[in-house]
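User: Could you zoom in on one part of this model for me? I'd like a close look at a single spot and what sits around it.

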Amino acid sequence: QTGEPIGQPLQGHTDGVWSVAVSPDGQRIVSGSADQTVRIWNAQTGEPIGQPLQGHTGPVWSVAISPDGQRIVSGSDDQTVRIWEGNWPGWMRLACDRLKYHPLLTAPETLPFLDEEAINIGRDAKAACDAQPWLQPD
């Protein structure tokens, strides 16, 4: 018996995806692609987390996440292995602390230059910050 896919496909790479890994806590998915990038995804929503990790000059064939979830390792056709730091809860706390009074988070509907999608992104960002994931145990 075959299973059914859960949710929508994770889209963002511009070439074939060669490797994926799931974080030990099940909260993140990491993917490596022939587009020479490593991407990090929210496993619950399927949304990308941050910008693609760039630095390889060839296709990324392999990715892994350390058991503590703090590092990503990628191997590429460029004959290199790269180690990426991943203090995700710490980075999120820093971003939330720096943006807590910004109108994008406090009242995005008052910013006249934002369209509905950007307003919803602001609301989602506020909800993510309000959840304080950095306080959750590993």
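Is Gln70 buried or exposed, or does Gln70 fall in between?

Analyst: Bear in mind that this is a predicted model. Gln70 comes out as partly exposed, because its relative accessible area is 22%, and the cut-off for buried is under 20% while exposed takes over 50%.

Now for the surroundings. Gln70 belongs to the loop that links strand S5 (60-65) with strand S6 (71-76). As a distance check, take Val17: the C-alpha atoms of Gln70 and Val17 are 22 Å apart, with their positions 53 residues apart in sequence.

The strands on either side of that loop are part of an open sheet of 3 strands, ordered S5-S6-S7 with antiparallel pairing. S5 and strand S7 (81-85) are the edge strands, each pairing on one side only. Going from one strand to the next, the twist averages 20°. As a reminder, strands of a sheet pair through backbone hydrogen bonds, either parallel or antiparallel. Between S6 and S7 there are 5 bridges in the antiparallel sense, and Ile72 has Trp84 in S7 as its bridge partner.

Val73 is worth a look too. Val73 sits in strand S6 and is partly exposed, since its relative accessibility is 31% and that category runs between 20% and 50%. On the surface, Val73 joins Val81 and Ile83 in a nonpolar patch, and together the three have about 280 Å² of accessible area.

Note on methods
Residues are numbered from 1 along each chain as its sequence is written. This is a predicted model: local features need pLDDT of at least 70, side-chain atom pairs count only at pLDDT 80 or more; totals for chains, interfaces and linings use all residues. Side-chain values use heavy atoms; hydrogens and water are left out. Helices (H or I, at least four residues) and strands (E, at least two) are DSSP runs, numbered from the N terminus. Buried means under 20% relative accessible area, exposed over 50%, partly exposed in between (1.4 Å probe, protein chains only). Two strands pair if DSSP finds at least two bridges between them. Axes are lines fitted to C-alpha atoms, for helices over the stretch in contact, and angles run from 0 to 180 degrees between N-to-C directions. Patches are made of residues with over 30% relative accessible area and no salt bridge: like charges are joined within 9 Å, nonpolar side chains (Val, Leu, Ile, Met, Phe, Trp, Tyr) within 5 Å. Accessible areas come from the Shrake-Rupley method with a 1.4 Å probe; for residues, only the protein chains shown count as cover. A salt bridge is a side-chain nitrogen of Lys or Arg within 4 Å of a carboxyl oxygen of Asp or Glu.
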